Amino acid sequence: MFESLSERLGQVFRKLRAPGRLTQAEVEEGLREIRQALLAADVHYGVARELLARVGERAAGERVVESLAPAEQLLAIVRGEMARAMGGAAAKLRLAGRPAVVLLVGPAGSGKTTTAGKLARHLTRKGRRPLLVCADPQRPAAAEQLQTLASRVGVAFASAVDDPVGGVAGAVDRARRELLDVLIVDSPGFPPGVPPDPFLGEIVSALSPSDVLLVLDAMAGQEAVRMAEAFASLGVTGLVLTKLDGDARGGAALSLPSRLGKPILFIGVGERPEDLEPFDPERMADRILGFGDLAGLAEKLAEAGGEAAAVTAARVREGTFTLEDFLVQLEAMSRAGPLDQLLSRIPGLGKVAQDEAVEAELRRARAIIQSMTVEERRNPHILGASRKRRIAHGSGTTVQEVNQLLSQYEQARRLVRGLGKRRPPGWGGLPQTR
Ligand code: GDP
Ligand code: MG
């Protein structure tokens with residue numbers, strides 16, 4: 001996701017990062033290029049215009065032109081404004097009531113049923129006891145599809161296809177009896193332009209769900225706004241944006257929160273039940289701008305299991321992070337999921353991820369770190385020229401490759417250090433993107 005946008009923004013900032021101060025004209029040219037990159041990523045023009053206007057204002061107010069590190073300062077401003085465009089702070093499910101009711105609505109094929117299964121898995125891992133309810137009387141075999149998902153993720157299932165309103169009410173009773181604390185209700189989709197069946201409105205008024213999630217396909221881009229209109233009357237509380245794994249542009253994520261006035265709560269990044277991520281605007285802005293997403297990586301690693309991976313995840317959260325941890329991370333990766341998804345979270349590695357050579361890159365990194373002594377892994381600053389030559393020799397690599405790995409590690413470490421404290425907008429000492 002976001003590959004082409006990240007790539008283009010990376011180019012803009014590389015250009016701006018030429019030594020010395022920037023002129024006003026160079027800043028303006030940079031802003032123009034950022035706007036073009038956003039538009040090419042299918043960001044809505046109004047959203048792009050407003051984002052750039054705010055960046056321009058802040059750049060003037062914070063005297064970017066007079067700054068000694070103008071590109072870094074501009075980058076921090078763009079990061080902050082991008083996060084704001086995506087909703088600012090991360091929004092969470094409300095999950096009010098016993099049981100809480102989460103209703104999934106959206107156009108046909110947007111990913112509601114898949115998301116219902118993903119959400120059930122996610123909530124189970126948070127200690128909840130979900131009941132998956134199928135209230136889709138239209139799609140043939142809808143109940144079977146959801147039931148299969150329910151057993152795959154190990155949660156209870158109820159069908160309400162024969163009488164959606166009565167069936168869902170019955171499921172609420174069952175949940176109370178069986179101490180299940182959250183209903184996840186899957187509903188039918190409707191072709192564009194066709195208003196949702198009235199029974200959806202009845203479910204909403206009968207059960208007043210604490211969360212009505214509108215599930216939208218990121219690939220639909222700006223068209224999703226028009227599709228969303230049909231569901232406005234249902235009191236949508238938040239968005240789930242699916243198929244971001246297939247959309248290299250990502251414009252929908254940057255546009256929909258402000259255009260629909262609703263936060264994105266989750267994103268879908270694949271077809272498997274585990275391919276759901278809570279959405280955090282700041283972390284997403286970091287990923288788009290090539291800073292990686294180490295907090296997300298820590299979560300994935302913890303999920304992948306393995307004691308070593310869990311320890312590393314804890315260290316990442318604590319903000320201490322040695323080359324040994326970096327190695328554990330690399331080792332755990334192949335287990336934690338598709339490599340390219342994980343690599344895109346490590347600062348500076350996002351670009352590598354697109355290469356065929358990913359595996360080779362990982363093998364090299366592993367060989368280099370394994371060729372170091374324990375002391376060297378813990379204190380890489382002691383690595384002088386002769387030690388580096390020895391390591392390169394021992395790992396079958398070059399000193400240049402050793403240096404490259406060290407600088408990737410250094411980037412990761414600097415970011416990790418900043419993770420513990422929430423960085424304020426415009427925080428200093430931004431790492432280089434490449
Ligand atoms: P519904 O009609 O809204 O219930 O949509 P489904 O849940 O049946 O999904 C429609 C298709 O989209 C299925 O083939 C899913 O596997 C696929 N799908 C759903 N979410 C994602 C996602 O996040 N990424 C990808 N790549 N495919 C997805
Ligand atoms: Mg469905």
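This is a friendly dialogue on reading a predicted model, from its ligand site to its backbone details.

User: Let's start with the ligand. Which residues come nearest to ligand 1?

Analyst: A shell is a list of residues around a molecule. Here ligand 1 has 16 residues around it, and Lys112, Thr113, Thr114, Asp245 and Glu271 come nearest. Sorted by class, the shell holds two nonpolar, nine polar and five charged residues.

User: Which helix gives the most to that shell?

Analyst: Helix H5, residues 112–125, does, with four residues.

User: What polar atoms lie by the oxygen atoms of ligand 1?

Analyst: It helps to separate backbone from side chain. On the backbone side, an N or O atom of glycine 109 lies 2.9 Å from a ligand oxygen, and a polar backbone atom of glycine 268 is 3.3 Å from an oxygen of ligand 1. On the side-chain side, threonine 113 places a polar atom 2.8 Å from a ligand oxygen. As for cover, ligand 1 on its own has 580 Å² of accessible area, and the protein covers 78% of that.

User: Now the interior. Which residues touch the most other members of the largest nonpolar core?

Analyst: A core can be read as a network of buried nonpolar side chains that touch. The largest one in this model has 79 residues, and Leu38, Met82, Leu183 and Leu241 touch the most other members. Helix H4, residues 70–85, gives the most to this core, with eight residues. Take leucine 38 as an example: beyond its neighbours within four places in sequence, it is in contact with Leu5, Val43, Ala48, Leu51, Leu52, Met82 and Leu254. There is also a second, separate core of 27 residues, and Leu95, Cys134, Ala143 and Leu213 are among them.

User: Why can helix H10 be called largely enclosed?

Analyst: Count its buried residues. In H10, residues 251–260, seven of the 10 are buried, so the rest of the structure largely encloses this helix. The buried ones are Gly251, Ala252, Ala253, Leu254, Ser255, Leu256 and Pro257. Just after H10, glycine 261 takes a positive phi of about 65°.

User: What about a charged residue such as glutamate 33: buried or exposed?

Analyst: Buried, because its relative accessible area of 16% is under the 20% cut-off. Glutamate 33 lies in helix H2, residues 24–40. Leaving out residues up to four places away in sequence, glutamate 33 touches Val12 and Lys15. With lysine 15 there is a side-chain polar contact of 2.7 Å. The C-alpha atoms of glutamate 33 and leucine 9 are 8.2 Å apart, although 24 residues separate the two along the chain.

User: Last topic, the backbone. What should I look for?

Analyst: The general idea is that most residues other than glycine have a negative phi, and most peptide bonds are trans. Exceptions to either pattern are worth a look.

User: Where is the cis peptide bond?

Analyst: It joins arginine 98 and proline 99, with omega at about -5°. Proline 99 sits in the loop between H4 and strand S1 (100–105).

User: And which residues other than glycine have a positive phi?

Analyst: Aspartate 42 is one of them, with phi of about 70°. Aspartate 42 lies in the loop between H2 and helix H3 (45–61) and is partly exposed, with a relative accessible area of 22%. Leucine 95 is another case, with phi near 50°. Leucine 95 belongs to the loop between H4 and S1 and is buried, with a relative accessible area of 14%.

Technical notes: Residues numbered from 1 in each chain as written. Chains lettered and ligands numbered in written order. Predicted model: local features only at pLDDT ≥ 70, side-chain atom pairs only at ≥ 80, totals over all residues. Heavy atoms only, no water. Near = heavy atom within 4 Å. Polar contact = N/O pair within 3.5 Å; in protein donor to acceptor, adjacent residues only side chain to side chain. Areas by Shrake-Rupley, 256 points an atom, 1.4 Å probe, with all protein chains shown as cover. Helix = DSSP H or I, 4+ residues; strand = E, 2+ residues; numbered from the N terminus. Nonpolar A, V, L, I, M, F, W, Y, C, P; charged D, E, K, R; others polar. Core = buried A, V, L, I, M, F, W, Y, C linked by side-chain atoms within 4.5 Å. Buried < 20%, exposed > 50% of the residue type's maximum accessible area, 1.4 Å probe, protein only. Contact = heavy atoms within 4.5 Å.
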